[in-house]
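User: Please take a close look at one part of this structure, the charged side-chain pairs that link helices and chains, and then set that part in its surroundings.

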There are 2 protein chains.
Amino acid sequence: MTPDPLNRLVAQLAKLPGIGEKTAQRLAFHILRAPGEYAVDLSLAIREVKEKVHLCVRCFCLTDSELCGFCRDSRRDERSLCVVETYSDLMALERTREFKGRYHVLHGVLSPLEGVGPEQLRIKELLERLNDSRVEEIILATNPDIEGEATALYLTRLLKPIGLRVTRLAQGLPMGGDLEFADQATLAKALSARRDL
Amino acid sequence: MTPDPLNRLVAQLAKLPGIGEKTAQRLAFHILRAPGEYAVDLSLAIREVKEKVHLCVRCFCLTDSELCGFCRDSRRDERSLCVVETYSDLMALERTREFKGRYHVLHGVLSPLEGVGPEQLRIKELLERLNDSRVEEIILATNPDIEGEATALYLTRLLKPIGLRVTRLAQGLPMGGDLEFADQATLAKALSARRDL
């Protein structure tokens, strides 16, 4: 008895990650009750993001022009290149305001079980990009999990022979963390990578 | 540095109830990565729901034609009319498959604090509808909370004098409930409304 357009919207919303049938229904009712402009604005924003946003031709982060803001900004240090798995990781790094270099987004990690090999990632493009570039250091900022570590190791073996400095984000206890509740692997890493004061 | 269309989509998604900035970002990335049809379908579904779905002219539930399916279906019992607060409540009742009568959606409850009086609800329309209708019983299915109770009481005073049977959904322990953990008010209701076996 539910009107078809409402069913269709609920079905489409329920395809979003983390949105179940119930939540989709609540969102659909909200859209229905909200002022008319909202539905138009939301609908337009969804279409535009798909039409206008694409990958930067150099670093493969998201942009609505040919080169992204990071690649165009001449104030950013060309000698330092940070390799990340996803655009979300890039944004997390940007929020720290600590890194002033350029980025390269792999769009995934090596994962033989899921059929992701080096060809599926932007690794070939990374190597091409390093030809006559001014990059001196590559920071491998893949996640500190099994697949991220494997990807970092794979990249290290490719990049070291070129004569670049290859670094990895430090691993250890998180700020505000608690030794008592730290997992074994983290605590072991923190111990073996202890610093002189 | 985030492309504008992405920022706009995140802003629009974050206006949805229960969707914060982080979730909005996750949803936006999903829409961006999903196949092209999905963005088009979702965008269309949002626009259509707003353009095509409106209130049934008789019972004020949601429909995409003039009269809703409940009002058009001649197999539904015209003698029994169930008054609910919202369309979601109507759907919950329908899921039980127990009620075969018609509905009337008030679109809210009396709430003096929030400035909702009888004029803001579909009460005038309910009374008009009862003129030369075959309704014999009105089931007041507003929520069993303070405002729902007050609305039911208000409606009872209006409807009893017309000579209709006015009933209210039973209150008591929920199925599968536990006496030990039932709140005082529910347990007191269950006790005073005890049934002979």
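Analyst: What follows starts with the salt bridges and then moves to the neighbouring helix, the strands and the cysteines.

The model is predicted. A search over all chains gives 18 salt bridges for the whole structure. Side chains of opposite charge can pair when their charged atoms come close.

A good place to begin is A:Glu48. The side chain of A:Glu48 forms a salt bridge with that of A:Lys52, at 3.1 Å from N to O. Both residues belong to helix H3 of chain A, residues 36–52, and because they are four residues apart there, about one helical turn separates them. Their surroundings can be read from the accessible areas: A:Glu48 is buried, with a relative accessible area of 17%, whereas A:Lys52 is partly exposed at 38%.

A:Glu48 also has a partner in the other chain. The side chains of A:Glu48 and B:Arg8 meet in a salt bridge, with 2.8 Å from N to O. This pair crosses between chains, running from A:Glu48 in helix H3 of chain A to B:Arg8 in helix H1 of chain B. B:Arg8 has a relative accessibility of 40% and counts as partly exposed. Thus the buried A:Glu48 meets a partly exposed lysine in its own helix and a partly exposed arginine from chain B.

Helix H1 of chain B, residues 4–13, also holds B:Gln12. B:Gln12 is buried, with a relative accessible area of 12%. Which residues does B:Gln12 touch, leaving aside those up to four places away in sequence? They are A:Tyr38, A:Asp41, A:Leu42 and A:Ala45.

A further salt bridge lies within chain B. The side chains of B:Glu78 and B:Arg134 meet at 3.6 Å, N to O. B:Glu78 sits in strand E3 of chain B and B:Arg134 in the loop between helix H6 (123–130) and E5 of chain B, so this salt bridge ties together parts that are 56 residues apart in sequence. B:Glu78 is partly exposed, with a relative accessible area of 37%, and B:Arg134 is exposed at 54%. Elsewhere, A:Arg8, B:Glu48 and B:Lys52 are joined into one network by salt bridges that share partners.

Strand E3 of chain B, which carries B:Glu78, has two strand partners to describe here. E3, residues 77–84, pairs in the parallel sense with strand E4, residues 101–105, of chain B over five bridges. In this pairing B:Leu81 stands opposite B:Arg102 in E4(B). Helix H5 of chain B, residues 87–95, makes a right-handed β-α-β unit together with E3(B) and E4(B). E3(B) also runs parallel to strand E5 of chain B, residues 137–140, and four bridges join the two. Here B:Val83 stands opposite B:Leu140 in E5(B). In a regular strand the side chains alternate between the two faces of the sheet.

Chain A has a strand pairing of its own to add. Strand E5 of chain A, residues 137–140, pairs with strand E6 of chain A, residues 165–168, in the parallel sense over four bridges. A:Ile138 stands opposite A:Val166 in E6(A). The chain passes from E5(A) through helix H7 of chain A, residues 146–159, to E6(A), and this β-α-β crossover is right-handed. An unreviewed UniProt entry places the annotation "domain: Toprim" on residues 79–174 of chain A. The end C-alpha atoms of residues 79–174 of chain A are 28 Å apart, and the span is 32% helix and 20% strand.

The cysteines come last. The structure holds zero disulfides over all chains. A:Cys59 is in no disulfide, although the sulfur of A:Cys68, the nearest cysteine sulfur, is 3.5 Å away. That pair does not count because a disulfide needs the two sulfur atoms within 2.5 Å. A:Cys59 is buried, with a relative accessible area of 0%. For A:Cys82 the closest cysteine sulfur is that of A:Cys59, at 11 Å, which is too far for a bond. A:Cys82 is also buried, at 2% relative accessibility.

Notes. Residues numbered from 1 in each chain as written. Chains lettered and ligands numbered in written order. Predicted model: local features only at pLDDT ≥ 70, side-chain atom pairs only at ≥ 80, totals over all residues. Heavy atoms only, no water. Buried < 20%, exposed > 50% of the residue type's maximum accessible area, 1.4 Å probe, protein only. Contact = heavy atoms within 4.5 Å. Pairing = 2+ DSSP bridges. Right-handed = clockwise from strand over helix to strand, strands pointing away. UniProt positions renumbered as here; feature names shortened; annotations may be inferred. Salt bridge = Lys/Arg side-chain N within 4 Å of Asp/Glu carboxyl O.
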